[in-house]
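Please read the following account with the model open beside it, moving from cysteines to charged pairs, then to a strand, and finally to the spaces between the atoms.

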2 protein chains.
Amino acid sequence: MLQNRPVILLVRPQMGENIGAAARAMLNFGLTELRLVAPRDGWPSKPAEDMAAGALEKITVDVFPDFASATADIHYLFALTARRRELEKPSMTPHDAAQESALRLNAGQKAAFVFGSERAGLDNDEIAPCHAVVHIPVNPDFWSLNIAQSVLLMCYEFGKHAGLTIPAGSLTEPAPQEKFEELFTRLTKELESGMFFQTENLKPTMLRNIRTMLTRGQWTDQEIRTFQGIISALVGKKEAEKKKSR
Amino acid sequence: MLQNRPVILLVRPQMGENIGAAARAMLNFGLTELRLVAPRDGWPSKPAEDMAAGALEKITVDVFPDFASATADIHYLFALTARRRELEKPSMTPHDAAQESALRLNAGQKAAFVFGSERAGLDNDEIAPCHAVVHIPVNPDFWSLNIAQSVLLMCYEFGKHAGLTIPAGSLTEPAPQEKFEELFTRLTKELESGMFFQTENLKPTMLRNIRTMLTRGQWTDQEIRTFQGIISALVGKKEAEKKKSR
């Protein structure tokens with residue numbers, strides 16, 4: 001599991017709401033270092049706090065006057081851009097960039113994902129010092145992603161390397177095979193006495209199909225007991241009906 | 001490339017804003033079939049339209065009174081839930097679920113990703129008919145994702161199977177090797193005449209290091225010409241200084 005996490009750098013962000021949503025998305029995936037270059041409406045920001053759902057109290061936020069000071073201590077910069085530029089840079093998907101960042105962090109380097117303003121993204125002078133450009137593959141006919149959504153996707157991809165896991169929970173334990181065999185043997189007997197098999201010829205195939213069908217559910221002990229109860233109830237009903245009709 | 005796309009099903013969604021943001025996220029990744037079960041504030045919705053940024057006009061939205069009618073024609077249902085339940089179901093990450101859905105769609109089956117209400121998610125009676133449960137791995141100390149963000153992440157993962165691509169652009173063409181050799185030969189000559197190499201002993205190693213360093217940039221033709229110009233300027237300056245000091 002990685003100890004270090006990448007920095008998220010927002011360059012000239014305009015709306016506090018988006019900064020707050022970005023902060024929330026960061027913390028959702030374990031990132032805790034946010035840097036802002038010249039936020040339009042200043043900092044701190046009430047709209048950011050409202051959108052962050054408490055995340056701003058749990059991450060660090062630093063404000064810088066320009067790109068150079070915000071990136072001075074960073075070894076590897078990933079520029080997130082919507083449009084492909086003329087600049088000659090390695091181009092990556094978020095998946096590849098997350099992997100590259102994890103390798104860098106693991107080697108003790110500091111890495112940052114850089115996002116431009118809502119209106120215009122990053123300009124060429126900001127992309128030039130970056131080491132790679134990251135493009136999110138989208139529907140070419142409807143490609144505009146909100147900045148906080150781009151941050152979310154990048155953080156989500158990084159999260160795959162951050163040792164985040166689904167809470168363990170208990171792995172389903174299928175019943176031991178003998179319980180299933182008991183059930184199957186009994187069912188076969190009941191089906192025989194109920195004249196289910198029209199010909200002895202087809203019987204092996206039909207039994208195999210039934211076994212396959214019932215195995216697929218990977219029933220637990222309890223579920224096998226339930227099915228035994230269902231058989232009893234069905235057989236009992238038939239027996240009861242037989243008695244009645246006599 | 002897949003022709004079919006999964007359905008996004010929102011069960012009892014509360015805020016129109018979230019429905020709109022979900023629609024936008026869907027279209028960003030090429031999904032176009034949205035179903036709503038009993039949206040709290042009715043449908044259509046002004047807040048949804050405002051948030052959808054035009055997406056609602058390009059996707060189909062159908063409203064159903066209950067879960068059963070909304071899922072009647074679906075073969076494979078994925079339930080997105082934040083919490084792990086006691087129910088015995090295969091549990092998947094969004095990545096695995098996207099892959100499974102692509103396989104199903106490819107086989108001509110209809111698949112849907114199912115999301116519960118903002119307040120309470122899906123209840124157990126809605127999860128029971130689903131074939132798999134999808135958990136997004138998050139920071140356990142800050143795990144709450146907005147419903148539209150969950151839809152975004154799921155659609156993004158599906159998009160990896162939908163043949164979405166980064167616009168092609170031109171692959172950088174490094175200069176042919178002979179151009180690089182010309183440059184390197186000239187640089188070596190200039191360094192020799194500038195007394196750069198302190199000992200003949202170390203010269204091969206130093207040259208190798210310089211070659212490695214300069215190769216790493218994968219320079220284009222134009223960039224090599226630029227560097228030739230830089231050498232000329234530096235040499236010229238030195239020559240000029242020599243003349244001046246004479």
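Across all chains of this predicted model, the number of disulfides is zero. The cysteines themselves show why: the sulfur of A:Cys130 has its closest cysteine sulfur in A:Cys155, and at 16 Å that is too far for a bond, given that a disulfide requires two sulfur atoms within 2.5 Å. In chain B, taking B:Cys155 as the starting point, the closest cysteine sulfur belongs to B:Cys130, and the separation of 16 Å is again too far for a bond. As for their surroundings, A:Cys130 is buried, with a relative accessible area of 3%, and B:Cys155 is buried as well, its relative accessible area being 0%.

The charged side chains come next. Side chains of opposite charge can pair when their charged atoms come close. Counting over all chains gives 28 salt bridges, and a few of them can be followed in detail.

One of these joins A:Asp73 to A:Arg35, with the closest N and O atoms 2.9 Å apart. A:Asp73 sits in the loop between helix H3 (67-71) and strand S4 (76-80) of chain A, whereas A:Arg35 belongs to strand S2 (residues 33-37) of chain A, so this pair ties together parts that are 38 residues apart in sequence. The two partners also sit in unlike surroundings, since A:Asp73 counts as partly exposed at 35% relative accessibility, while A:Arg35 is buried with a relative accessible area of 5%.

In chain B, a salt bridge connects B:Glu181 and B:Arg211, whose closest N and O atoms are 2.8 Å apart. B:Glu181 is part of helix H7 (residues 177-193) of chain B and B:Arg211 is part of helix H8 (residues 203-215) of chain B, so that the contact links distant parts of the chain, 30 residues apart. Here B:Glu181 is partly exposed at 28% relative accessibility, and B:Arg211 is likewise partly exposed, with a relative accessible area of 28%.

A further salt bridge is formed by the side chains of B:Lys203 and B:Glu192, with 2.3 Å from N to O. This pair, too, links helix H8 of chain B, which holds B:Lys203, with helix H7 of chain B, which holds B:Glu192, across eleven residues of sequence. B:Lys203 counts as buried at 14% relative accessibility, whereas B:Glu192 is partly exposed with a relative accessible area of 37%. Returning to chain A, salt bridges with shared partners bring A:Glu33, A:Arg35, A:Asp73 and A:Lys110 into one network.

The next stop is a strand of chain B. Strand S1 (residues 7-11) of chain B is mostly covered, and five of its five residues are buried. From this strand, B:Val7, B:Leu9 and B:Val11 point one way and B:Ile8 and B:Leu10 the other way, all of them buried. Strand S1 of chain B pairs in the parallel sense with strand S6 (residues 111-115) of chain B over four bridges, and within that pairing B:Val7 has B:Ala112 as its bridge partner. Four bridges also join strand S1 to strand S2 (residues 33-37) of chain B, again with the two running parallel, and here B:Val11 has B:Val37 as its bridge partner.

What remains is the space that the atoms leave open or enclose. The largest pocket has a volume of about 1300 Å³. Its lining comprises 50 residues, and those nearest its centre are A:Leu145, A:Asn146, A:Ile147, A:Gln149 and B:Arg24. Both chains contribute elements with two or more lining residues, namely helix H1 (16-28), helix H2 (46-52) and helix H6 (147-159) of chain A and helix H1 (16-28), helix H2 (46-52) and helix H6 (147-159) of chain B. Sorted by class, the lining of this pocket has 25 nonpolar, 15 polar and ten charged residues.

Which enclosed space does the model contain? The count gives one cavity of 30 Å³ or more, and the volume of the largest cavity is about 30 Å³. Its lining includes B:Pro13, B:Gln14, B:Gly16 and B:Ile19, as well as B:Pro39, B:Arg40, B:Asp41 and B:Trp43. By class, the residues lining the largest cavity divide into four nonpolar, four polar and two charged.

Note on methods. Residues are numbered from 1 along each chain as its sequence is written. Chains are lettered from A and ligands numbered from 1 in the order in which they are written. This is a predicted model: local features need pLDDT of at least 70, side-chain atom pairs count only at pLDDT 80 or more; totals for chains, interfaces and linings use all residues. Side-chain values use heavy atoms; hydrogens and water are left out. On a 1 Å grid over the protein atoms alone, a cavity is a set of points where a 1.4 Å probe fits but cannot get out, and a pocket is an open set with protein on both sides within 12 Å along at least five of seven lines; lining residues have an atom within 4 Å of a point. Grid points are joined across faces, edges and corners, and a volume is the space filled by probe spheres set on the points. Ala, Val, Leu, Ile, Met, Phe, Trp, Tyr, Cys and Pro count as nonpolar, Asp, Glu, Lys and Arg as charged, and the others, Gly among them, as polar. A salt bridge is a side-chain nitrogen of Lys or Arg within 4 Å of a carboxyl oxygen of Asp or Glu. Buried means under 20% relative accessible area, exposed over 50%, partly exposed in between (1.4 Å probe, protein chains only). Two strands pair if DSSP finds at least two bridges between them.
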